[in-house]
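Here's a quick tour of a protein with an RNA strand beside it. Have a look at the model first, then work through the notes.

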Amino acid sequence: MKEHLTDLLFNAVRQLTDEINKSQIIIERPKLIEHGDFSTNIALVLSKTLKKQPRDIAQLILDYLPEASHFNKIEIAGAGFLNFFLSALSHQTIINKVIKEKDGYGGSQNGKSQKIQIEFVSANPTGPLHVGHGRGAAIGDSIARLFEFSGWEVTREFYYNDAGAQIDNLMRSVKAHCLNIKPDHKDFPEDGYRGNYIADIAKEYLAKTSIKCADNKIKASGDINDEESIRIFSIAYLRNEQDQDLEAFQTNFDIYTLESDLYKNNKVNFVVDTLIKEGHTYEKDGALWLKTTNFGDDKDRVMKKSDGDFTYFVPDIAYHLDKWTRGFIKVINEQGADHHSTISRVRAGLQGLNKNIPKDWPEYVLHQMITVMKDGVEVKISKRAGSYVTLKDLIDEVGCDATRYFLAARRADSQLIFDIDLAKSRNNDNPVYYIQYAHARVEGVLNQWEGDRNTLYINAPHPFETQAEKKLIKRISEFPEVVVQATNELAPHQITNFLKDCAADLHSYYNDSKFLVDDELTKKARLALIYATQCVIKNGLALLGITAPKKM
RNA sequence: CUGCCCGUAGCUCAAUCGGAUAGAGCACCAGCCUUCUAAGCUGGGGGUUACAGGUUCGAUUCCUGUCGGGCAGGCCA
């Protein structure tokens with residue numbers, strides 16, 4: 001429809017000037033239904049080159065536009081906008097299309113089955129998942145669902161930093177507990193983790209418990225002096241716990257990659273050797289440096305410390321080379337904003353490998369920090385201090401649907417205040433119920449009708465007259481465009497906004513009209529409209545990983 | 001000090017490559033259930049879009065500066 005309108009306008013405008021290309025024709029969706037289903041500002045844009053009043057240009061374009069059955073009215077409004085109003089035939093086409101495509105409505109094959117990899121959460125196995133990881137999970141998984149819906153072949157991936165200094169801290173913290181040294185004791189590791197969960201791990205370790213981790217089963221030796229065993233058990237314990245939390249959050253991963261494997265498989269060494277060979281490194285102060293300044297960084301970075309260990313971003317480069325080698329033309333990393341300094345280093349390292357990797361690959365979505373409020377005061381999130389808002393707590397108290405909704409409902413790049421009391425409330429304050437309620441309400445009506453939903457096509461143009469009907473039809477017709485934009489901008493919050501608006505339109509219509517009326521044609525037309533709306537809401541909720549209940 | 005993100009109604013947030021009267025929810029006020037789910041609807045009050053300039057037919061959006069908040073800037077991760 002939009003493309004068709006663009007063509008019509010392009011042909012009309014070409015009668016006025018040659019200095020125009022198709023990309024300049026912009027079709028918008030007006031916010032107000034009074035401004036029609038589509039509008040264009042092309043007359044305003046052309047006013048300078050044509051040296052005419054915008055409204056006069058709009059009239060000329062209007063004169064050159066052919067008769068079209070899609071619209072029953074085209075008008076000039078405001079400063080020179082052209083507004084298009086859909087005809088009954090178009091309304092019929094839209095509603096029937098939704099009902100025909102059902103679960104597929106809004107999706108596309110734009111991705112052409114190309115491979116995309118989305119890495120998200122990627123929490124260190126040093127503690128339970130907290131609300132920040134939840135934000136990453138909600139946003140990352142929704143982005144994955146958006147790309148799937150748009151015809152991409154998506155791989156969801158979780159990267160475990162199971163090597164390095166923070167794992168030593170974990171091991172020493174657990175060991176301290178095994179030796180009955182508590183966090184307030186002077187001998188407790190200074191950089192140790194102080195949460196209660198550390199005591200739990202120690203207890204299980206001493207009890208020689210077995211833990212399921214990925215495909216393996218890890219049995220604790222219970223030997224206090226076996227640091228390797230403590231380390232392996234602690235990681236397995238926390239990974240297992242994280243896996244359970246993610247499952248409860250309706251978030252599943254296709255692949256888990258371990259940092260330790262990158263070392264084992266010599267992928268880290270390969271990257272280091274290549275960078276040396278390509279001449280992007282130098283030695284200074286007993287350390288090996290990477291010339292990241294060659295690629296836009298403001299200073300060079302240490303790759304290999306004087307004690308022989310690599311710095312954290314080196315395995316990161318190896319990991320991303322691995323992603324590239326696996327054939328992902330598009331890679332998106334969803335992380336907390338505190339990781340933003342790694343972007344330039346990873347990209348610089350990849351450039352230095354001389355593998356023709358694009359400069360802006362991989363892409364990043366960084367979400368800002370979350371402030372958690374409870375009873376009107378801020379809850380500090382600190383792993384080491386032990387004060388902790390876990391994702392599991394939220395899911396238990398608020399439910400998966402509401403948690404996912406709240407964490408995905410806002411632009412990633414703005415700081416977010418998560419009000420536990422609000423999210424917990426199972427009443428009208430909670431927008432997720434508002435949307436789900438719209439879905440359930442339609443289900444109620446369709447059940448009372450008792451007809452066969454597969455016969456709910458509109459067979460002849462039906463005059464939808466009321467504002468509520470026109471708004472609703474316009475709304476559901478916009479859904480595919482919203483999906484495209486949310487996908488392109490990696491912005492699932494646009495889906496939550498859309499759903500809120502769509503639910504509001506449905507509720508208005510519900511109060512405005514009766515559906516189960518005597519006149520057969522009117523009844524079927526109205527039922528078809530709300531059924532189509534229900535499909536849209538269901539598809540939208542699915543993109544967010546939220547259930548669409550039939551009864552509430 | 002330097003870089004990145006943010007600043008919109010009392011609160012939490014939107015706003016379609018720059019568009020029409022800056023929109024929702026919560027809170028507040030007034031109405032709507034013997035008829036399909038009132039977890040709903042209708043109406044009302046509430047704004048110098050942090051501030052000051054600039055670009056243009058038009059700026060919440062782009063540019064410059066100031067102020068305020070967050071995050072980074074370790075041979076920490």
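Is valine 302 buried, partly exposed or exposed? With a relative accessible area of 23%, valine 302 counts as partly exposed, because the buried class stops under 20%. Keep in mind that this is a predicted model. The notes below start with the RNA and then move through the protein.

**Around the RNA**

- There are 62 residues around RNA strand B, and Ile26, Lys299, Tyr437, Arg441 and Ser513 are the ones that come nearest.
- Sorted by class, this surface has 21 nonpolar, 22 polar and 19 charged residues.
- Helix H16 (431-449) is among the elements that each supply at least two residues here, and H16 gives the most, with 8 residues.
- Other elements that each supply at least two include helix H2 (42-50), strand E4 (81-86), strand E12 (301-304) and helix H18 (493-512).
- On the RNA side, 63% of the strand B atoms within 4 Å of the protein belong to sugar or phosphate, and the rest belong to bases.

**Polar contacts with the RNA**

- A polar backbone atom of tyrosine 510 sits 3.0 Å from a base nitrogen of RNA strand B.
- In asparagine 511 a polar side-chain atom is involved, and it lies 2.9 Å from a sugar or linking oxygen of RNA strand B.
- Methionine 552 uses a backbone N or O atom, 3.3 Å from a base oxygen of RNA strand B.

**Back to valine 302**

- Valine 302 lies in strand E12, which is one of the elements supplying at least two residues to the surface near RNA strand B.
- Apart from neighbours within four places in sequence, valine 302 is in contact with Ala287, Leu288, Trp289, Thr311 and Phe313.
- Tyrosine 312 is 10 residues away from valine 302 along the chain, and their C-alpha atoms are separated by 9.8 Å.

**Two helices that cross**

- The axes of helix H10 (residues 267-277) and helix H11 (residues 313-325) come within 8 Å and cross at roughly 100°.
- That angle falls between 65 and 115 degrees, so H10 and H11 are roughly perpendicular to each other.
- From H10, Lys267, Val268, Phe270, Val271 and Val272 take part, and they meet Val314, Pro315, Ile317, Ala318, Leu321 and Asp322 in H11.
- The residues of this contact divide into 9 nonpolar, no polar and 2 charged.

**Tucked-away spots**

- How many of the 9 residues of helix H14 (residues 400-408) are buried? The count is 9 of the 9, so H14 is largely enclosed by the rest of the structure.
- The buried residues of H14 include Asp401 and Arg404, along with Tyr405, Phe406 and Leu407.
- Glutamine 166, found in helix H6 (residues 165-178), counts as buried because its relative accessibility is 18%.
- The side chain of glutamine 166 reaches the backbone oxygen of alanine 163 at 3.4 Å.
- Leaving aside neighbours within four places in sequence, glutamine 166 touches Asn124, Thr126, Asn161 and Tyr193.

**Backbone oddities**

- Most residues other than glycine have a negative phi, and most peptide bonds are trans.
- Lysine 102 has a positive phi of about 45°, and lysine 112 has a positive phi near 50°.
- Lysine 102 lies in the loop between helix H4 (88-101) and strand E5 (115-119), and lysine 112 is in the loop between H4 and E5 too.
- Lysine 102 is partly exposed at 29% relative accessible area, whereas lysine 112 is exposed at 65%.
- The peptide bond from tryptophan 361 to proline 362 is cis, with omega near 0°, and proline 362 lies in the loop between H12 and strand E14 (363-367).

Notes: Residues numbered from 1 in each chain as written. Chains lettered and ligands numbered in written order. Predicted model: local features only at pLDDT ≥ 70, side-chain atom pairs only at ≥ 80, totals over all residues. Heavy atoms only, no water. Axes fitted to C-alpha atoms, helices over the stretch in contact; angles between N-to-C directions. Helix = DSSP H or I, 4+ residues; strand = E, 2+ residues; numbered from the N terminus. Parallel < 35°, antiparallel > 145°, perpendicular 65-115°, else oblique. Contact = heavy atoms within 4.5 Å. Nonpolar A, V, L, I, M, F, W, Y, C, P; charged D, E, K, R; others polar. Near = heavy atom within 4 Å. Polar contact = N/O pair within 3.5 Å; in protein donor to acceptor, adjacent residues only side chain to side chain. Buried < 20%, exposed > 50% of the residue type's maximum accessible area, 1.4 Å probe, protein only.
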